[in-house]
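I opened this notebook to record what I looked up in the structure shown below. The entries are grouped by topic.

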Amino acid sequence: MRITKEFYLPKSATKITQKTTGCEVYAYTDAGGLLCAMAFKKRSVKPVWSFYFKSDEARTKRVEKFFADQQAHKESVAERRAKQNQPHNLQVDHILDSMWGYEQTNINYYQITKLIGKNYVEVREISAVSETTDWMQGTCTPKMDSFISEPMKRKVINGCVKINDCERATLWNLKPNHWTSYA
């Protein structure tokens, strides 16, 4: 048996819908005379919340807050998606750096070799000129056009290029980067 939203709802429930988000609240009075409400998000089958209330005013206030929160969330998601899809300002031959590592700081440099559409770039890893400044640490700078990888197509989100699960590359600030090594 497949459970639907109606499984949770009493027959006497009054449906209140917010059209902009598709959320629904069902207000009802239970068998004991308590004021109740149950809220569902757009496509949810199970209620997001189900409460008893001391007064109709408290129930109305909670329903309004739920709808306001859902509207704010919807606007936040739309804003974040719009920001992610804005064109970037990266150019061919810009150098990106990424610092990553656990108990050490690894530095990788990438050169943009091609712009692909408004949200993608082609990058290639380049080698670095490294100088040891102390025990297991030092500085490094990128070596332009000294490619050590094949081209990779990557998406640019908020000026940041995701290289892989643990690496994010941003525009290099033209200053030497500090690295550390574990062994």
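**Entry 1. Conventions.** I call a residue buried under 20% relative accessible area, exposed over 50%, and partly exposed in between (1.4 Å probe, protein chains only). Accessible areas come from the Shrake-Rupley method with a 1.4 Å probe, and for residues only the protein chains shown count as cover. I noted that this is a predicted model, in which local features need pLDDT of at least 70 and side-chain atom pairs count only at pLDDT 80 or more, while totals for chains, interfaces and linings use all residues. Residues are numbered from 1 along each chain as its sequence is written, and side-chain values use heavy atoms, with hydrogens and water left out. I took helices (H or I, at least four residues) and strands (E, at least two) as DSSP runs, numbered from the N terminus.

**Entry 2. Salt bridges.** Side chains of opposite charge can pair when their charged atoms come close. My criterion was a side-chain nitrogen of Lys or Arg within 4 Å of a carboxyl oxygen of Asp or Glu. By this rule I obtained 5 salt bridges.

I looked up lysine 65 and aspartate 69, whose side chains form a salt bridge at 2.8 Å, N to O. The two residues are separated by about one helical turn, because they are 4 residues apart in helix 1 (residues 56-84). Lysine 65 has a relative accessible area of 47% and is therefore partly exposed. Aspartate 69, at 37%, is likewise partly exposed.

I then asked which residues are linked with Glu24 in a network of salt bridges. They are Lys5 and Lys15. Between lysine 5 and glutamate 24, the closest N and O atoms are 2.7 Å apart. This pair links distant parts of the chain, since lysine 5 is in the segment before strand 1 (14-18) and glutamate 24 is in strand 2 (residues 23-29), 19 residues apart. Lysine 5 and glutamate 24 are both buried; for glutamate 24 the relative accessibility is 12%. In the salt bridge of glutamate 24 with lysine 15, the closest N and O atoms are 3.2 Å apart. Lysine 15 counts as partly exposed because its relative accessibility is 48%.

**Entry 3. Largest pocket.** Rolling a probe the size of a water molecule over the atoms shows where empty space is left. I used a 1 Å grid over the protein atoms alone: a pocket is an open set of points with protein on both sides within 12 Å along at least five of seven lines, the probe is 1.4 Å, and lining residues have an atom within 4 Å of a point. Grid points are joined across faces, edges and corners, and a volume is the space filled by probe spheres set on the points.

The largest pocket has a volume of about 340 Å³. Its lining includes Thr20, Thr21, Cys23, Lys41, Gln70 and His73. Helix 1 supplies the largest share of this lining, 5 residues. By class I recorded 2 nonpolar, 4 polar and 5 charged lining residues. Here Ala, Val, Leu, Ile, Met, Phe, Trp, Tyr, Cys and Pro count as nonpolar, Asp, Glu, Lys and Arg as charged, and the others, Gly among them, as polar.

I also followed threonine 21, which lies in the loop between strand 1 and strand 2. Threonine 21 counts as buried because its relative accessibility is 11%. Threonine 21 and glutamine 70 are 49 residues apart in sequence and 6.8 Å apart in space, C-alpha to C-alpha.

**Entry 4. Nonpolar patch.** Patches are made of residues with over 30% relative accessible area and no salt bridge, with like charges joined within 9 Å and nonpolar side chains (Val, Leu, Ile, Met, Phe, Trp, Tyr) within 5 Å. I found that Met1, Ile3, Phe7 and Val45 make a nonpolar surface patch of about 460 Å². Valine 45 sits in the loop between strand 3 (35-40) and strand 4 (49-53), and at 33% relative accessibility it counts as partly exposed.

**Entry 5. Backbone and long range.** I looked up glutamate 103, which has a positive phi of about 65 degrees although it is not a glycine. Glutamate 103 is in the loop between strand 5 (95-100) and strand 6 (106-116), and it is exposed, with a relative accessible area of 56%. Aspartate 145, not a glycine either, also has a positive phi of about 65 degrees; it belongs to strand 8 (residues 137-147). Finally, leucine 34 and phenylalanine 147 are 113 residues apart in sequence and 71 Å apart in space, C-alpha to C-alpha.
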